[in-house]
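Subject: Structure handover

Hello,

Here is the structure I promised to pass on to you. Please have a look at it first, and then read my notes below.

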Amino acid sequence: MKRTIMSLIGAAVALGAVTGVAAVAAPDGQRATKAEGASRRPVERSALLCPPPTSSEVGATTYTAFTPKGTGGAAGSRGTAGLLPAQTAKLDGTGGQAGKGKEGGEGRPGAQAAGAPVAPLKEAGTPVTATTDRADAPALAGAADGALAPGWTVQQTTSVAAGNGRGLLGLSCAAPDTDFWFPGVSTAKDRQDYVHLTNPDDTPAVVDLDLRGKDGPLKSASGENITVPPHSSLPVLLATLTGTPTQDAALHVVAREGRVGASVQAADAKLGGDWLPAAADPAPGAVLPGIPADATSVHLVTVAPGGQDADLKVQLATPNGLITPAGLETLHVKSGMTASADLKDLTKGEAGSLVLTPADGSGVPVAAALRVTRGKGDRQEMAFIPATGPVGERATAADNRDKGSTLSLVAPEKGKDAKVTVTASAGSGGGTPVSKTYTVKGGSTLAVDPPRPQGLKGSYALTVTPSAGSGPVHAARTLALPQGGLPAFTVQTLPDDRGTVVVPTAGEDISLLMK
């Protein structure tokens, strides 16, 4: 997400006293070029926010927290990591914050809720889980520090047995920020899309919500100046922001004051439900990894937020190389508008990843996401794959089970092979870590059943680490947990975990570190 130069300068000053502001890492996992004399150090504090998991009476949620082993702090140092419930706020119908609904815990309104932390980590290398079946389970906000901060990851996985939005909903809890793009949202009658805004700080956040469609901005009477109280979460139904039912829209979330976590929960009357995470920051190209081999429908939504039209070359990275989908060599995206493409059963039985590049060399930035469907008839299930940055230094997907996980690795640039080590952690209830090395040919996707810990008990985490000299690699994890005849699944991308920051030497220009 976007950050101002001033915030980067402020962070750099803070690093002079304390190493560890994760936000200084290059956006979306892109590696910052280390200037001469600078060093890369582990962060000492990380923050994550998890939205309310479900309002269903037949839903069950598992939180899995994990920090990779041997990544931070001095030898023998310790740390803390855990999540606390946030308050729940509601809108007054005009965009303003009207008061509190149910509180996540005791204490004054707007205060951090009291109580024991959820899924508190005690050591790196071993996941910790927590479960709830509450229909009113609150949002969670928390932080990790010391040796547990670098790479701290929390996965939120919810199984909903019936009703609108049934299926498997998965989300990697995200860091707070100020700017988010969500291509692929909908205000159509067969969808209920809520954006959940969570404020982790002691002061209110003020947020603007901007919806875009194929003809430009959608008129909204209540999308500006939305106040999110301190330590609170606010759900906003997107259909209430406009009187025009619109499919294939894009949502832009901007915190003009403070910062928030933002995630979209989508529920479809026919296709079930899942979380739509924010896409990578708008850029001239995009990589969307992890399309399942048995996908029966693949639907692309893009948005060009700037002042110029974009022309994109559309390619599928298959196990055997890059191909152009039949009938879709390029996609034209008008300035300030969305464009979509129905790619149908694009993968034809082979896992793949979508790669978008400028068709005319103009480099106009775009944001993009996929809606992917498995199954047929009344047994269909959808998931979302947003554009994601490269793995960079390291990335992790938590909550992998004994069966059901598929790891997709894509090296999007032809001629630039990628080599990675994938480590399966110890299980939450026991087991011995296992590592395996994979090579991905440039321009191709490699989908594998990931390694599993020896003697696995419980769930485990997968950590992807590119080798020195590796070409760029993007990754996604698919978790499939069928519900009877329903092919319930969810996909999480694996951008860089921002476990390290580049620390400038005294007097060094920080802009050199961010080029």
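His-231 lies in the loop between strand 16 (226–228) and strand 17; helices (H or I, at least four residues) and strands (E, at least two) are DSSP runs, numbered from the N terminus. Although His-231 is not a glycine, its phi is positive, at about 50 degrees. With a relative accessible area of 9%, His-231 is buried, where buried means under 20% relative accessible area, exposed over 50%, and partly exposed in between (1.4 Å probe, protein chains only). Lys-348 is another non-glycine residue with a positive phi, in this case about 55 degrees. Lys-348 sits in the loop between strand 26 (338–344) and strand 27, and at 64% relative accessibility it counts as exposed.

Before you go further, please keep in mind that this is a predicted model: local features need pLDDT of at least 70, side-chain atom pairs count only at pLDDT 80 or more, and totals for chains, interfaces and linings use all residues. Residues are numbered from 1 along each chain as its sequence is written, and side-chain values use heavy atoms, with hydrogens and water left out.

Now the overall picture. The protein has 40 strands and one helix. Of its 515 residues, 57% count as buried. Taking contacts (heavy atoms within 4.5 Å) with a separation of 6 or more, 80% are between residues 24 or more positions apart.

Strand 21 (residues 286–291) is a good place to look at the strand pairing. Six of its six residues are buried. Strand 21 pairs with strand 27 (residues 352–358) in the antiparallel sense, over four bridges; two strands pair if DSSP finds at least two bridges between them. Across this pairing, Val-287 of strand 21 stands opposite Val-355 in strand 27.

Gly-170 is worth a click too. This residue belongs to strand 11 and counts as buried, at 2% relative accessibility. Leaving out residues up to four places away in sequence, Gly-170 touches Gln-155, Gln-156, Thr-157, Asp-274, Trp-275, Thr-490 and Gln-492. The C-alpha atoms of Gly-170 and Leu-276 are separated by 9.2 Å, with these positions 106 residues apart along the chain.

How many salt bridges does the structure hold? There are 13, each being a side-chain nitrogen of Lys or Arg within 4 Å of a carboxyl oxygen of Asp or Glu. Here are three of them:

- Arg-166 and Glu-381 form a salt bridge in which the closest N and O atoms are 3.3 Å apart. Arg-166 is in the loop between strand 10 (153–160) and strand 11 (167–172), and Glu-381 is in strand 29 (residues 379–386), so this pair ties together parts that are 215 residues apart in sequence. Both partners, Arg-166 and Glu-381, are buried.
- Asp-210 and Arg-212 meet through their side chains at 2.7 Å, N to O. Asp-210 is partly exposed at 23% relative accessibility, whereas Arg-212 is buried at 13%.
- Glu-413 and Lys-416 meet at 3.1 Å, N to O. Glu-413 is partly exposed with a relative accessible area of 35%, and Lys-416 is partly exposed at 43%.

Finally, the empty spaces. On a 1 Å grid over the protein atoms alone, a cavity is a set of points where a 1.4 Å probe fits but cannot get out, and a pocket is an open set with protein on both sides within 12 Å along at least five of seven lines; lining residues have an atom within 4 Å of a point. Grid points are joined across faces, edges and corners, and a volume is the space filled by probe spheres set on the points.

The second largest pocket has a volume of about 550 Å³. Its lining has 24 residues, with Thr-54, Ser-55, Ser-56, His-196 and Gln-265 nearest the centre. Strand 13 (191–199), strand 17 (232–237) and strand 19 (261–268) are the elements that give two or more residues to this lining.

There are three cavities of 30 Å³ or more. The second largest cavity holds about 50 Å³ of space, and its lining consists of Leu-49, Pro-51, Ala-174, His-196, Thr-198, Gly-261, Ala-262 and Ser-263. Strand 19 gives the largest share of that lining, three residues. His-196 therefore appears in your view of both spaces, as a residue lining the pocket and the cavity.

Best wishes
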